[in-house]
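I set out to look up the overall build of each chain, the contact between them, and a few local features of the backbone. My entries follow in the order in which I made them.

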Amino acid sequence: MKLKIPTKDKYLLDSSAWLAYFYGENKQVADYIESELILLSSSISLLEVKRKLKVDKISVERIAKVVQFMSQRSIVLDVTQEISEQASDISLENDLPVVDSIMYTTATVNKSILVTGDPHYKDIKNTVVIS
Amino acid sequence: MVTTIQVTEEVLDYLKHFRDRASAESYNEVIKKMIKQISKQDSMYGYLGKKSMKGILKGLRDAE
């Protein structure tokens, strides 16, 4: 049996956007997270957020709660071969660092808009830079 | 924009049941209600205290 489902309004939050939420830096990002929108994350964000919180000396229990929240609220996407290969071109074309290009490509391959706090993306299409 | 998904007859029966029970107009609306229920969580805004975006980005990625 086949059903029709709308596939618009997908947003991929990068690590800075997630951290802006947990660190209460930006109310705009809360509007995305505390909505009914479909949210995506890159598995790299789990690495980056966990690493950053360890550096910030956040307790193991709190880190686990943050990671659990991210995993439950968003669909966590792996870095595939397709993403890796496209990211190499996008990195060079847009002068983006490697991880930034993987995040951006993960968003575009999955037909979503990247939400970030990173000014590297300010002139790149299909990107929302929260500020 | 819409796309197509495949479900079993059993799942379709559940969807029909919940569509009628929830007075939903479509299967899409039923699925959205289910997703909302599953992903419903307490707010964690500001859970870790306060930090500026500059502080968040510092050391987040090796190249920055």
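**Entry 1. Dimensions of chain A.** I began with the radius of gyration of chain A in this predicted model. A compact globule of 131 residues would have a value near 14 Å, and chain A has 15 Å, so the two agree. I then took the extent of the C-alpha trace of chain A along its principal axes, which is about 45 × 40 × 30 Å. Buried residues account for 39% of the 131 residues in chain A. Of the contacts in chain A with a separation of 6 or more, 59% are between residues 24 or more positions apart.

**Entry 2. Elements and confidence of chain A.** I listed 6 helices and 6 strands in chain A. Read from the N terminus, their order is β-β-α-α-β-α-α-β-α-α-β-β. I noted a mean pLDDT of 91 for chain A, with 94% of its residues at 70 or more. Confidence within chain A is lowest in β1(A), where the mean is 50, and highest in α1(A), at 97. Where pLDDT is low, the predicted coordinates should not be read in detail. I therefore leave the detail of β1(A), with its mean of 50, aside.

**Entry 3. Chain B.** I asked how chain B compares with the globule rule for 64 residues. First I recorded its elements: 3 helices and 1 strand, in the order β-α-α-α from the N terminus. The radius of gyration of chain B is 20 Å, whereas the rule gives 11 Å for 64 residues, so chain B is more spread out than a compact globule. Its C-alpha atoms fill a box of roughly 50 × 25 × 20 Å along the principal axes. I found that 12% of the 64 residues of chain B count as buried.

**Entry 4. One residue in chain B.** I looked up B:I31, which lies in helix α2 (residues 27-39) of chain B. Its C-beta has 18 others within 10 Å, and a residue needs 20 or more to be buried, so B:I31 is partly exposed. I also noted its position relative to B:R19: the two are 12 residues apart in sequence, and their C-alpha atoms are 9.1 Å apart in space.

**Entry 5. Contact between the chains.** I counted 32 residues of chain A in contact with 33 residues of chain B. On the side of chain A that touches chain B, the elements giving two or more residues are β1 (2-6), α1 (15-22), α3 (43-55) and α4 (60-73). Which element gives the most to this side? It is α1(A), with 6 residues. By residue type, I divided this side of chain A into 15 nonpolar, 6 polar and 11 charged residues.

**Entry 6. Helix α3(A).** I checked the length of α3(A) next. Its 13 residues should span 18 Å at 1.5 Å a residue, and its end C-alpha atoms are 19 Å apart, which agrees. The buried residues in this helix are A:S45, A:V49, A:K52 and A:L53. They cover an arc of only 95° around the axis and so lie on the same side of α3(A). An α-helix has 3.6 residues a turn, so residues three or four places apart point the same way. Among the elements that cover the buried residues of α3(A) are α1, β3 (38-42) and α4 of chain A. On the face turned away from the buried side, I found the exposed residues A:S43, A:L47, A:K54 and A:V55.

**Entry 7. Helix α5(A).** For comparison with expectation, I took helix α5 (residues 81-94) of chain A. It has 14 residues and reaches 20 Å from its first C-alpha to its last, close to the 20 Å expected at 1.5 Å a residue.

**Entry 8. Positive phi in chain A.** Most residues other than glycine have a negative phi. I therefore noted the following exceptions to that general rule.

- A:K57, just after α3(A), has a positive phi of about 60°.
- A:D95, just after α5(A), has a positive phi of about 55°.
- A:K111 has a phi near 50° and lies in the loop between α6 (98-109) and β5 (113-116) of chain A; with 13 C-beta neighbours inside 10 Å, A:K111 counts as partly exposed.
- A:N126 has a phi near 55° and lies in the loop between β5 and β6 (127-129) of chain A; with 13 other C-beta atoms within 10 Å, A:N126 is partly exposed.

Conventions
Residues are numbered from 1 along each chain as its sequence is written. Chains are lettered from A and ligands numbered from 1 in the order in which they are written. This is a predicted model: local features need pLDDT of at least 70, side-chain atom pairs count only at pLDDT 80 or more; totals for chains, interfaces and linings use all residues. Two residues are in contact if their C-beta atoms, placed from the backbone, lie within 7 Å. Helices (H or I, at least four residues) and strands (E, at least two) are DSSP runs, numbered from the N terminus. Ala, Val, Leu, Ile, Met, Phe, Trp, Tyr, Cys and Pro count as nonpolar, Asp, Glu, Lys and Arg as charged, and the others, Gly among them, as polar. The expected span of a helix is 1.5 Å times one less than its number of residues. The arc is that of the directions from the helix axis to the C-beta atoms. The radius of gyration is taken over C-alpha atoms; the globule rule is 2.2 Å times the number of residues to the power 0.38. pLDDT is the predictor's confidence in each residue, from 0 to 100.
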